[in-house]
Amino acid sequence: MTARAPRSIQARMLIVSALATAVALALAGAAMAALLGRFVVEGLDRRLDAELTLLASAVDADGRLDRARLERVRGALDAGPEWQWRIAGPDGTLGSADFPPLDPAPPAGPIAPRGPRPREGAAGTKGAVHARELVIATGRGDVTLSAAAPQSVLRRPIEGALWPLLGALAAVAAVLTAALLVQLRVGLAPLRRLRDQVAAIRGGARERVEEDQPAELRPLAAELNALAADNAAALAAARGAASNLAHALKTPVAALALDLRDRPEQAAQVERIDRTIRHHLARARAAAIDRRAATALRPAAEGLVAAVGALHRDARISLDVPADLAVAVDPQDLDEMLGNLLDNAARHAAGHVALRAAREGRWVTVVVSDDGPGIPAAERDRVARPGTRLDERGDGHGFGLAIAFELVALYGGTLALEEASGGGLAVRLTLPSA
């Protein structure tokens with residue numbers, strides 16, 4: 001079963017950067033350890049070469065050993081209990097009693113090397129050694145000078161520097177990780193802002209995202225704006241088609257129903273057709289509802305009051321709507337809801353129509369009331385049923401309430417018919433607040 005990669009871009013970048021940092025620090029640590037080891041070996045070789053120089057000063061041109069001089073420099077040769085030396089020549093071997101055997105010297109090339117050569121000693125009772133060897137040509141033959149130091153002399157400085165080195169690398173890793181986190185947060189900030197702007201479009205707070213983005217995000221912002229514009233155009237077209245179809249079908253079907261009132265079988269078929277048409281139109285219109293809409297209530301109400309007042313000059317319409325109220329309803333749907341209710345109230349009012357609104361938590365309550373004859377309680381129940389239209393009974397109430405019932409249901413609100421305080425009808429709308 002294959003492991004899934006992290007879904008977060010930040011997590012992916014963090015993992016890749018952490019791995020790269022770890023590899024880089026490991027390579028840097030290995031390089032620094034190797035460099036430190038080379039410095040330690042070079043320092044030890046210089047020390048051993050100095051001992052070989054002292055040993056060589058006690059050998060004359062004929063290979064004879066000046067023991068008196070050797071005694072004088074002996075203190076410089078004894079650097080520690082495990083430091084050893086040896087002189088092997090025509091007169092025999094002299095030096096440390098337990099000088100370890102050295103590995104065989106590599107074969108000499110066409111040009112024999114001059115000066116001290118590095119040698120390694122096999123591990124014995126006192127452990128492995130690192131040695132330097134010098135061959136001096138004399139009149140009676142070659143004299144071989146050897147100086148050796150324990151391998152621990154090489155390990156101790158390296159081990160002593162290893163922990164501080166690891167601590168420094170850990171500190172560097174911590175600083176780089178902190179810098180990486182800051183870099184990721186700053187680098188991904190435009191993505192977070194773009195995400196918030198898209199969420200604002202979805203919530204109806206804005207219509208476009210800012211296109212003044214970093215170069216990598218600018219094409220994405222342009223595509224998102226184009227997508228939002230296309231969706232808005234498609235939604236408007238769908239809403240217009242559903243609305244036009246609804247208006248085109250309602251009046252002919254209503255007229256046919258009125259003509260067939262005295263023929264029950266045909267009237268029942270027309271009623272069935274009417275219910276089917278309303279059902280599918282409601283589904284089409286629900287799919288075209290703009291859930292991101294936000295419409296200021298007072299300007300819309302003022303325009304409708306002016307239009308309805310011009311049609312019904314004998315009705316006085318009062319308006320009480322706070323300026324800061326907004327509903328999550330498309331402007332056209334709000335105009336159709338309130339327009340039908342105001343027109344219905346003005347046609348049946350004795351002389352006064354009132355429209356008032358108030359916020360109640362996450363909802364906005366809109367009440368349209370008149371001082372007309374009202375609707376009996378039994379008739380209100382019938383109006384509230386889906387598919388029931390008062391105009392089909394010939395009682396003179398028209399299409400307004402039926403249309404308002406349909407639209408408010410699409411937005412998840414409620415519509416209630418009540419008796420107005422001074423008589424007449426009060427229609428209470430509950431709509432989602434923007």
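Is His312 buried or exposed? Select His312 in this predicted model and display its surroundings: with a relative accessible area of 14%, His312 is buried, because the term applies under 20%.

Keeping His312 selected, colour the elements on either side of it, and you will see that His312 sits in the loop that runs between helix H6 (297-311) and strand S7 (316-320). Next, add Gly351 to the selection; although His312 and Gly351 are 39 residues apart along the chain, their C-alpha atoms are separated by 9.8 Å.

From the loop, step back to H6 and select helix H7 (residues 331-348) together with it. The axes of H6 and H7 come within 10 Å and cross at roughly 40 degrees, which means that H6 is oblique to H7. If you turn the view to look through one helix at the other, the crossing of H6 and H7 is right-handed.

Now move to helix H1 (residues 9-56), where Ile9 is found, and select Ile9. With a relative accessible area of 49%, Ile9 is partly exposed, because exposed is reserved for values over 50%. Extend the selection to Met13 and Leu191, which form a nonpolar patch on the surface with Ile9, the accessible area of the three together being about 250 Å².

Finally, show H1 alongside helix H3 (residues 152-203), since the two helices pack with their axes 9 Å apart and at an angle of about 155 degrees. That angle makes H1 roughly antiparallel to H3, and H1 passes H3 in a right-handed crossing.

Key
Residues numbered from 1 in each chain as written. Predicted model: local features only at pLDDT ≥ 70, side-chain atom pairs only at ≥ 80, totals over all residues. Heavy atoms only, no water. Patch = residues over 30% accessible without salt bridge, like charges linked within 9 Å, V, L, I, M, F, W, Y side chains within 5 Å. Areas by Shrake-Rupley, 256 points an atom, 1.4 Å probe, with all protein chains shown as cover. Salt bridge = Lys/Arg side-chain N within 4 Å of Asp/Glu carboxyl O. Helix = DSSP H or I, 4+ residues; strand = E, 2+ residues; numbered from the N terminus. Buried < 20%, exposed > 50% of the residue type's maximum accessible area, 1.4 Å probe, protein only. Axes fitted to C-alpha atoms, helices over the stretch in contact; angles between N-to-C directions. Parallel < 35°, antiparallel > 145°, perpendicular 65-115°, else oblique. Left-handed = near helix turned anticlockwise from the far one by under 90°.
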